[in-house]
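Welcome! Take a look at the sequence and the structure below, and then let's walk through them together with a few questions and answers.

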Amino acid sequence: MIKIGLEIHCQLTNLESKLLCTCKADYRGFGTNENICPVCMGLPGSLPRLNREAVKNAMMIAMALNCTVPEKIAFFRKNYFYPDLPKNFQITQLNIYGPTSVGGPGYVMLGKKKIGLLRIQLEEDPGRIIYEGTSKNMVTLVDYNRAGTPLVEIVTEPDFESPRQIREFVNILSDLFENLGVADPSLEGAMRADANISIHGGKRVEIKNIGSFHDLEKAAHFEITRQESLHSRDMEIAQETRHWDDQRKITTSSRSKEEALDYRYFLEGDIPWVRVEQDLMDELRSEMPESISSKRGRYVSELGVPDQVADVLSSDKFYSDLFEKSQTGSNAKEIANLITTDLMGLVDTREKRTASKVTATHLRDLADSILAGRISRSSAKDALYEMVKSGKDLDQVVSEMDLGNVSDESEIEKVVLAVVAKEPLAVEQAREDPKALNYLVGKVMKITRGKADPQITMSLVKKAINV
Ligand SMILES: [Zn+2]
């Protein structure tokens, strides 16, 4: 039996400023130690000021994860000495005087499996340590740009039974963060995790330093295999802390024996307790975007989108926003199809998404043209490719690439007559069996590369062979 518990840290990457000062929350792109101030450096005499938006974001995450939000929120100092921590303490949360972390117990459903959440806390990220040089001549450098970035920690119960469940869970979390508009977990360094893993009721091994959602599943898989291998040979599994080596994709024993640290937590006296008024809760609830499951339900029941398509569409904010902006009811199904079968293949990376020039208007025009029989589905795919690349509007693309359906009867009739003359046997059959008409229509479509209007073609074929 496998038991896994997770501690997931995720930066609130969409915030303007750090947790306790006005430095930028988005420290990426700054020169070394350029995004710092006396507050996030903990200089004597500086005083922290709590970022209200960070608290609101963390509360929204807590609510979306079915957690209780306490009446009062408090912050604590967690004392330890490490070069990346300029104040020698981290401002974080603790539930020592009752529940004062931003989120109390909650849960996430993976299908029918319930994953319990112990708590959600808001804290500041430390700086970053950079090692340079060879092992004989190692230099340790510290960049404090990240120090003070708002971080949300989600602590789960040891409810996971396989790496696959972890993957499902982090996919749900990722989609949820993105849907709430609070974080982009795919940004480098935005998400880090620790995992506690034990098998067959044995000792617990803690894995630290896992730097992406992708690696989290891999690390769990590696560690389970390692423990199973020891167990099958009757070897002891030591209770220890292991580090995830993201280069070699393995866990390694921490060389130094880690001792249980006494963090000497005490209340952060420079940040007043936050009283959570009912008004604020109501405000947040009304500001919260529609949940993914509610969107999914609406797409199916109100817009007639098939289950599986609605599933894919609703879980991705980029595509669901595009869908909502472009659909006008009657074309919803067609647009959902265009997005999930064609567009997702064309813009399958973040870079391609950013570079894409396709808009809601493009999709709406395209779907309406398909429904009106002005363009075939295969031509629509070519047109979409061009729209993504150049951003040109539908009319321009259709005329430049000659993609429009041919609805000029005399033009189609020429082709119909040629086909009828060439296929006497099929004509014979079609006169007896109306189903065989499709063969002749298909021939016309092939010659016109799918551009002949199907309805006009059918009626012209019928006329040509007198049925
Ligand atoms: Zn600062």
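Q: Which residue is the bridge partner of H243 in β13?
A: Keep in mind that this is a predicted model. Strand β12 (residues 241–245) runs antiparallel to β13, and four bridges join the two. Within this pairing, the bridge partner that β13 offers to H243 is T252.

Q: Which strands stand at the edges of the open sheet of eight strands?
A: This sheet has mixed pairing and the order β5-β6-β9-β1-β10-β11-β12-β13. On average, its neighbouring strands are turned by 25 degrees against each other, direction ignored. Two strands have a single partner each, so one side of each is left without a neighbour in the sheet: these are β5 (106–110) and β13 (250–253).

Q: How many residues of β10 are buried?
A: In the sheet order, β10 is listed between β1 and β11. Nine bridges join β10 to β1, and these two run antiparallel; four bridges link β10 to β11, also in the antiparallel sense. The strand is largely enclosed by the rest of the structure, because the number of its nine residues that are buried is eight.

Q: Which residue in the turn between β10 and β11 has a positive phi?
A: β10 and β11 form a hairpin, with five residues between them. On the strands themselves, I197 stands opposite V205 in β11, while on the pairing with β1, G5 stands opposite N196 in β10. In the turn, the residue with a positive phi, of about 50 degrees, is H200.

Q: What angle does the direction of α3 make with that of β10?
A: Two helices can be looked at here. α2 lies across β1, β5 and β6, running at about 115 degrees to β5. α3 packs on the sheet and touches β1, β10, β11, β12 and β13, and its direction makes with that of β10 an angle of about 20 degrees.

Q: Which residues touch the most other members of the largest nonpolar core?
A: This core has 64 residues, and the elements that give two or more residues to it include β1 (2–11), α1 (52–64), β6 (113–124) and α3 (213–232). One of its well-connected members, L216, is in contact with I166, V170, A193, A195 and I210, leaving aside neighbours within four places in sequence. The residues that touch the most other members are A58, I61, I120, V152, A195 and L216.

Q: How many residues are in the other core, which has V305 and L403 among them?
A: This core lies apart from the largest one. Its members include I335 and A367 as well. The number of residues in it is 25.

Q: How many residues in the contact of α8 with α10 are charged?
A: Helix α8 (residues 332–346) and helix α10 (residues 360–371) pack at an angle of about 115 degrees, with their axes 9 Å apart, and the crossing is right-handed. The contact is made by E334, I335 and L338 of α8 together with L363, L366, A367, I370 and L371 of α10. Seven of these residues are nonpolar and none is polar, while the number that are charged is one.

Q: Which residue in β14 is the bridge partner of F76?
A: An open sheet of three strands has antiparallel pairing and the order β4-β3-β14. β4 (89–92) and β14 (266–267) each have a single partner strand, so one side of each is left without a neighbour in the sheet. Two bridges pair β3 (residues 76–79) with β14, and the partner of F76 there is L267.

How values were computed: Residues are numbered from 1 along each chain as its sequence is written. This is a predicted model: local features need pLDDT of at least 70, side-chain atom pairs count only at pLDDT 80 or more; totals for chains, interfaces and linings use all residues. Two strands pair if DSSP finds at least two bridges between them. Axes are lines fitted to C-alpha atoms, for helices over the stretch in contact, and angles run from 0 to 180 degrees between N-to-C directions. A crossing is left-handed if the near helix is turned anticlockwise from the far one by less than a right angle, and right-handed if clockwise. Two residues are in contact if their C-beta atoms, placed from the backbone, lie within 7 Å. Ala, Val, Leu, Ile, Met, Phe, Trp, Tyr, Cys and Pro count as nonpolar, Asp, Glu, Lys and Arg as charged, and the others, Gly among them, as polar. A nonpolar core is a set of buried Ala, Val, Leu, Ile, Met, Phe, Trp, Tyr and Cys residues joined through C-beta atoms within 7 Å. A residue is buried if 20 or more other C-beta atoms lie within 10 Å of its own, exposed if 12 or fewer, and partly exposed in between; C-beta atoms are placed from the backbone.
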